[in-house]
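Take a look at the fold below. This report walks through a surface patch, some aromatic rings, a packed helix and a set of salt bridges.

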Amino acid sequence: MTIIERTIEVNDLGYKEVSMAYRIARAAMLDAQHTPIKEGRIVCPALEASRSKSFYKEMILPDTDAHNLEKWAAAFDLSPGLTVLTKVLGYISGPFPQILPNFVSGRFNDQQVNDGFLHQLKNGIHTGMLTDGRFSQDKLNSFVWSFHSHLEGIPMTNAWLYSEQADTLYFDESSLPLALQHNKQHAKSSRVGLGAALSNGEMRGLLLGVLGQPVSLDDSDPTKKTNAILVRDIHDLYKYGLMPAHVEEKMLTAGLLHLPEVPITTQ
């Protein structure tokens, strides 16, 4: 039995991720636990990863009360204004009749998010990857193909994403318009209402915001930085409920994350 240590690697563009050996071993452990087919997952991937113990020893967000939400937001380096917004979004995430009690009590029930008021406001405009509380490989494929059309037909699975071919496969600002168009395909009606704006805000604030990293993607100007997230980090977030490496580092520093060792058997 060999223990694969968690190490962080930085590529030529300045992007941090866990070593491939660790990533592969971690995924194998979670596949053996049937994590990808787990039911009842929260449709917000960052909240799902923070409220799950599939891999992490303890929940990053141990409770959804105001105190824990503030610690969680602080670990993400959110400003005071965004911290307030985070709490508000949590309080309105449940059923409409529960919103006022949530504000009064300063907490919300994360098990009500999937059918809650905020999710209903989105009118079905979302990636589809955690529809009905389950991970969808097909929706991940179509999401990635929407902004990397040259890959259409290639399943975005571990076998392909955990290879050198995907080392610089990113979701960035240029991907956003096509990804949002993909999300609209799930709309429940042609009158999208606030759904498009909420989906846009979620993509910008989550995948390109707290979960993204500044990288140099402009060959003509290497000093120019833009926020991006590796597609394989998106895959691990939605499929396994795992945070990108730089977010895990923040949570470790804040004392909110406790990582297990990942054992694999060598030949």
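Start with helix α4, residues 80–91, where L85 lies. The model is predicted. L85 is partly exposed because its relative accessibility is 42%, between the cut-offs of 20% and 50%. L85 joins L82 and L89 in a nonpolar surface patch of about 240 Å². Why can such residues share a side of a helix? An α-helix has 3.6 residues a turn, so residues three or four places apart point the same way.

**Aromatic rings**

The structure holds eight aromatic pairs. One of them is W72 with F76, an edge-to-face pair. The ring centres are 5.2 Å apart, and the planes meet at 85°. W72 counts as buried because its relative accessibility is 10%. F76 is buried too, with a relative accessible area of 6%. Elsewhere, F143, F147 and F171 form one aromatic cluster. A charged residue also meets a ring: R26 lies over the face of F55, at 6.0 Å from the ring centre.

**A packed helix**

Helix α7 spans residues 137–147. Its buried residues are L140, N141, F143, V144, S146 and F147. What do they pack against? Their partners are β4 (170–172), α9 (176–184), α10 (195–210) and α11 (231–240).

**Salt bridges**

A search of the whole structure finds 17 salt bridges. Three of them are listed here.

| Salt bridge | Closest N to O distance |
|---|---|
| R6 and E249 | 2.6 Å |
| E17 and R23 | 2.8 Å |
| D110 and R51 | 2.5 Å |

The R6 and E249 pair links distant parts of the chain, 243 residues apart. R6 sits in the loop between β1 (2–4) and β2 (8–10), while E249 is in helix α12, residues 245–253. R6 is partly exposed, at 21% relative accessibility. E249 is partly exposed as well, at 32%.

Are E17 and R23 buried or exposed? E17 is buried, with a relative accessible area of 8%. R23 is buried, at 0%.

D110 and R51 are both buried. D110 lies in the loop between α5 (99–105) and α6 (117–121), and R51 in the loop between α2 (45–50) and α3 (66–75), so this salt bridge ties together parts 59 residues apart in sequence.

Which residues are joined into one network by salt bridges that share partners? They are R6, E17, R23, R26, D167, R232, D233, D236, E248 and E249.

Technical notes: Residues numbered from 1 in each chain as written. Predicted model: local features only at pLDDT ≥ 70, side-chain atom pairs only at ≥ 80, totals over all residues. Heavy atoms only, no water. Buried < 20%, exposed > 50% of the residue type's maximum accessible area, 1.4 Å probe, protein only. Helix = DSSP H or I, 4+ residues; strand = E, 2+ residues; numbered from the N terminus. Contact = heavy atoms within 4.5 Å. Patch = residues over 30% accessible without salt bridge, like charges linked within 9 Å, V, L, I, M, F, W, Y side chains within 5 Å. Areas by Shrake-Rupley, 256 points an atom, 1.4 Å probe, with all protein chains shown as cover. Salt bridge = Lys/Arg side-chain N within 4 Å of Asp/Glu carboxyl O. Phe/Tyr/Trp six-rings, centres within 6.5 Å; stacked < 30°, edge-to-face > 60°. Lys NZ or Arg CZ within 6 Å of the ring centre and 35° of its normal.
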